[in-house]
Amino acid sequence: MFDGMHRRVVSLWFPRLATDRVLRTCPTDRPFVLTLKDSNANRVHCLNAAAGRQGLYRGMSFSDARAFCPDLISRPARPDLDAQFLTALRRWALRWCPWVARDGADGLVLDITGSAHLFGGEEAMLAAMAQRLTRAGLSVRPGLGDTRGAAWARAHYGAEAALADLPVEALRLDAETAAGLKRMGLRRIGDLSATPRAPLARRFGPGLLLRLDQALGHQPEQISPEAEPPHYGIRMTLPDPIGLESDVMAAADRLLTRLCDKLRAQEAGALVLCLTLRRVDSNAQQVELRLARPMRDPARILPLFQRGIAQVDAGFGIDQVRLEAVQVAPLPAEQISRARSRDPGRLDDLITRIGTRIGLENVQRFLPADSHIPERSFIIAAAAFSEPDSAWISPNPRPVRIFPPEPIAATGNRPPERFRWRRMALTTGRATGPERIAPEWWLDDPNWRSGLRDYWRVETLQGRRLWLFHTPQEPAWFVQGEFA
């Protein structure tokens, strides 16, 4: 009978986690490796059993691997996808015990204290784990021990061996420390535990003795399970089907209030919301809402759903409504002051309303750019994904409209008294300038190959206020902008 004192830990090591993840969808019997760029060289990151039989190993140069094995199949490694896959395995392992954590980049650790009897004992439990993982196409090596260090050591260096007979590398030491111990003749954990501790601490530091004590159970080592990420989804099953727009809006209002409370507790805001309406015939329709800024105010978000809900075909009725925040962003609480606008979100609401009709990417704003060239002094960005910038600094006024240079017939280095532009005969009333602008020599811009430009502000008697420039190196006159 479990008395609450004897601790048991299982370590699951996946020696080929990365390749097993890829080969589950496209299996092959040929040698297969995943490569990762390291110090400007492609190296073998992970390999399957067939590649290992050909003499390949982790860390070797990919060019050497191709020389050893000409029919080698390779793909670039994706450590981010491997981490997501390991997270999915951690959630799967919760079926065996509630205390599961990731162990490095290719392992799991489970505290099965008090739960092994639910699966027929420890041996039956380990056998069931290995059987399920092998059936899923994964290579796994389980280890069982009284401590986390002992379980890790048996998973990596021998499941049935005694801890004292395992090599010193089984204590999770770095390569330099393990090599130093071997030069002293300390090759096994048993040799290390029988050696006086003071000389070891002086030569290798306290980390070596800490790892030894953790493996032997003299020092505690916690297993901290990861908290489940918050799920921003709310569902409501209706007793009777609904079909009126007002009823659907009322249901969305109730779900939105609960969802925003959850977002507020996590100091987050929704960027993309998805409202799923399931009909009684099991068909579902979705209404997606993309917001210009992270929001968690139900009163502001609910009216934005009305246009999408009005286009839903309810059929014979809707019996289930589900609301999910597909994409969220941090939205910390802010101090409210009188200096701030009474309703700072009105512009965001307007952008969202227009964006639901024409797309958020098509609602754009101008932002300043670091360039003295007029046509490159600004950029156009989506208003929903950028912040307004008030740092428009220009020593000289710039026209409201800037367009590609349009040539006009004129001579001399001063603006002409009379000229024609866009089939209009114009007379110069007042000219201000020049403002000389040099091209950016570090950029090859075909439009500026004519060299320097002398810009003039010209006010015509016909009311046009134009921006003209003269190119002294290749004499010519052009109109490039018009003032308001």
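**Exercise 1. Burial of an aromatic residue**

Determine whether Phe469 is buried or exposed.

*Solution.* In this predicted model, the relative accessibility of Phe469 is 1%. Buried means under 20%. Phe469 therefore counts as buried.

**Exercise 2. The partner of Phe469**

Classify the ring pair formed by Tyr455 and Phe469, and state where the two residues lie in the chain.

*Solution.* Step 1: the ring centres are 5.1 Å apart, and the cut-off for a pair is 6.5 Å.
Step 2: the planes meet at 45°, so the pair is tilted.
Step 3: Tyr455 belongs to strand E17 (residues 453-460) and Phe469 to strand E18 (residues 465-470). The pair links distant parts of the chain, with the two positions 14 residues apart.
Step 4: Tyr455 has a relative accessible area of 1% and is therefore buried.
Step 5: ring pairs join Tyr455 and Phe469 with Trp467 and Phe478 in a cluster.

**Exercise 3. A second ring pair and a charge**

Describe the pair of Phe403 and Trp421, and name the residue that lies over the face of Phe403.

*Solution.* Step 1: the count for the model comes to 8 aromatic pairs. Phe403 and Trp421 form one of them, with 6.2 Å from centre to centre and 15° between the planes, and this pair is stacked.
Step 2: Phe403 is in strand E14 (residues 401-408), Trp421 in strand E15 (residues 418-421); they are 18 residues apart, and the pair links distant parts of the chain.
Step 3: both Phe403 and Trp421 are buried.
Step 4: Arg422 lies over the face of Phe403, at 4.7 Å from the ring centre. The charged end of Arg95 sits over the ring of Trp96, 5.2 Å from the centre of that ring.

**Exercise 4. Backbone exceptions**

Locate Glu267, Arg423 and the cis peptide bond between Gly433 and Pro434.

*Solution.* Step 1: most residues other than glycine have a negative phi, and most peptide bonds are trans.
Step 2: Glu267, not a glycine, has a positive phi of about 50°. Glu267 is found in the loop between helix H11 (245-265) and strand E9 (268-279). With a relative accessible area of 43%, Glu267 is partly exposed.
Step 3: Arg423, also not a glycine, has a positive phi of about 65°. Its place is in the loop between E15 and E16. The relative accessible area of Arg423 is 80%, so Arg423 is exposed.
Step 4: Gly433 and Pro434 are joined by a cis peptide bond with omega of about 0°. Pro434 lies in strand E16 (residues 424-437).

**Exercise 5. Nonpolar core and nonpolar surface**

Identify the elements that build the largest nonpolar core, and then the residues of a nonpolar surface patch.

*Solution.* Step 1: the largest nonpolar core has 34 residues, and those with the most contacts inside it are Leu273, Leu275, Ile301 and Phe305.
Step 2: at least two residues of this core come from each of strand E8 (233-242), H11, E9, strand E10 (284-295), helix H12 (298-310) and strand E11 (318-330). H11 gives the most, with 9 residues.
Step 3: in soluble globular proteins, nonpolar side chains tend to be buried together.
Step 4: at the surface, Leu347, Leu350, Ile354 and Ile358 make a nonpolar patch of about 350 Å².
Step 5: Ile358 lies in helix H13 (residues 346-358). Its relative accessibility is 46%, so Ile358 counts as partly exposed.

Key: Residues are numbered from 1 along each chain as its sequence is written. This is a predicted model: local features need pLDDT of at least 70, side-chain atom pairs count only at pLDDT 80 or more; totals for chains, interfaces and linings use all residues. Side-chain values use heavy atoms; hydrogens and water are left out. Patches are made of residues with over 30% relative accessible area and no salt bridge: like charges are joined within 9 Å, nonpolar side chains (Val, Leu, Ile, Met, Phe, Trp, Tyr) within 5 Å. Accessible areas come from the Shrake-Rupley method with a 1.4 Å probe; for residues, only the protein chains shown count as cover. A salt bridge is a side-chain nitrogen of Lys or Arg within 4 Å of a carboxyl oxygen of Asp or Glu. Helices (H or I, at least four residues) and strands (E, at least two) are DSSP runs, numbered from the N terminus. Buried means under 20% relative accessible area, exposed over 50%, partly exposed in between (1.4 Å probe, protein chains only). Rings of Phe, Tyr and Trp (its six-membered ring) pair if their centres lie within 6.5 Å; planes under 30 degrees apart count as stacked, over 60 as edge-to-face and the rest as tilted. A charge sits over a ring if NZ of Lys or CZ of Arg is within 6 Å of the ring centre and within 35 degrees of the ring normal. A nonpolar core is a set of buried Ala, Val, Leu, Ile, Met, Phe, Trp, Tyr and Cys residues joined through side-chain atoms within 4.5 Å.
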